[in-house]
Amino acid sequence: MDMEKLFSEAMKLQQNLSDTQAELNEKKYEMSMGGGALRVCVKGSMEIESIEIDDDLMKQENKEDLQDLLISCINQALDQAKKDKEQEMKSMTAGMSIPGVF
């Protein structure tokens, strides 16, 4: 096998992985709960982009419900971002595990 060609292909794969990872880091994942009373948007980089809370959830008597909804909603949005990123990277690497990629 031609080592130069193999090296060239590896460099292309590395660049494609890097570009895809950058795109996925900017992709936004939105989750809502409580009939839309709570909305969370996270980026693929696992950063919270925004949180919108309906005024009714801000009442003192709803404090525990709001806390539970926030945790659940954020975790679900982050989980979706993580799964999407893993799936995209696995499809690009044909299922190979490449350290530092995921």
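Three exercises with worked solutions follow.

This is a predicted model, in which local features need pLDDT of at least 70, side-chain atom pairs count only at pLDDT 80 or more, and totals for chains, interfaces and linings use all residues. Residues are numbered from 1 along each chain as its sequence is written, and side-chain values use heavy atoms, leaving out hydrogens and water.

**Exercise 1.** Find which helices and strands each supply at least two residues of the largest nonpolar core.

*Solution.* A nonpolar core is a set of buried (under 20% relative accessible area, 1.4 Å probe, protein chains only) Ala, Val, Leu, Ile, Met, Phe, Trp, Tyr and Cys residues joined through side-chain atoms within 4.5 Å. The largest one has 15 residues, and Tyr29 and Leu38 are among those with the most contacts inside it. Helix H1 (3-26), strand S1 (28-33), strand S2 (38-43) and helix H2 (63-92) each supply at least two. The largest share, six residues, comes from H2. Helices (H or I, at least four residues) and strands (E, at least two) are DSSP runs, numbered from the N terminus.

**Exercise 2.** Determine which parts the salt bridge between lysine 43 and glutamate 26 ties together.

*Solution.* A salt bridge puts a side-chain nitrogen of Lys or Arg within 4 Å of a carboxyl oxygen of Asp or Glu. In this pair the closest N and O atoms are 3.2 Å apart. Lysine 43 lies in strand S2 and glutamate 26 in helix H1, so the bridge joins parts 17 residues apart in sequence. Lysine 43 is buried, at 14% relative accessible area.

**Exercise 3.** Decide whether serine 91 is buried or exposed.

*Solution.* Serine 91 is in helix H2. Exposed means over 50%; serine 91 has 53% relative accessibility, so serine 91 counts as exposed.
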